[in-house]
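Reader: Could you take me through the sheet in this one, piece by piece? I'd like a close look at that part and whatever packs or sits around it.

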Amino acid sequence: MSQYGDMKKAASDDDRVWRALAEPLRRRILDALAEAPCTTGQLVELLPEIGRTAVMKHLDVLEAAELIIVERVGRVRWNHFNAVPIDRICRHWIDKRRQRITGQLDRLKNLAEADAQAELRRDKE
């Protein structure tokens with residue numbers, strides 16, 4: 001696969017994650033799973049305002065975005081939180097911008113310190 005194809009795949013992976021995270025109920029599910037793995041039944045109890053079918057649809061979206069890992073034990077479906085896609089987004093979207101902002105703040109700090117030192121020298125003269 002070409003480099004462009006790899007970039008396109010990564011973009012679509014990120015798009016699935018962003019879309020999955022856009023829904024507040026899915027974020028509630030992820031918050032619960034970040035605490036501990038839950039069965040689908042436990043998640044249905046956690047979200048009494050929606051039915052089992054709606055919970056399953058949300059879980060399907062989260063699984064497609066690879067935000068959860070599903071483990072089937074007999075008839076029981078255990079849902080586990082997977083932080084890897086969120087970490088990938090953080091590295092791609094947040095860390096890159098944080099480095100730029102941190103660099104700008106460092107330059108501002110250096111300028112302010114140099115200005116303060118120059119003012120101290122002038123005051124001594």
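Author: Here is a walk through the sheet, its helices and two residues of interest. Keep in mind that this is a predicted model.

Start with the layout: the sheet is open, has three strands, and is ordered β1-β3-β2 with antiparallel pairing. β1 (38–39) and β2 (68–73) are the edge strands, each with a single partner, so one side of each has no neighbour in the sheet. Look at the β1 end and you'll find β1 joined to β3 (residues 76–81) by two bridges, in the antiparallel sense. If you want a spot to click on there, take Thr-39, whose bridge partner in β3 is Trp-78.

Now add the helices. Helix α2 (residues 24–35) lies across β1, β2 and β3, and runs at about 90° to β3. Helix α4 (residues 52–64) lies across β2 and β3, this time at about 50° to β3.

Follow the chain on from α4 and you get to the loop between α4 and β2, which is where Glu-66 lies. Its backbone is worth a glance: Glu-66 has a positive phi of about 65° although it is not a glycine. As a rule, most residues other than glycine have a negative phi. Glu-66 is also partly exposed, at 48% relative accessibility.

Last stop, strand β2 itself, where Arg-72 lies. Arg-72 has a relative accessible area of 58%, so it counts as exposed, the cut-off being over 50%. Ala-83 is 11 residues from Arg-72 along the chain, and their C-alpha atoms are separated by 20 Å.

Definitions and conventions:
Residues numbered from 1 in each chain as written. Predicted model: local features only at pLDDT ≥ 70, side-chain atom pairs only at ≥ 80, totals over all residues. Heavy atoms only, no water. Pairing = 2+ DSSP bridges. Helix = DSSP H or I, 4+ residues; strand = E, 2+ residues; numbered from the N terminus. Contact = heavy atoms within 4.5 Å. Axes fitted to C-alpha atoms, helices over the stretch in contact; angles between N-to-C directions. Buried < 20%, exposed > 50% of the residue type's maximum accessible area, 1.4 Å probe, protein only.
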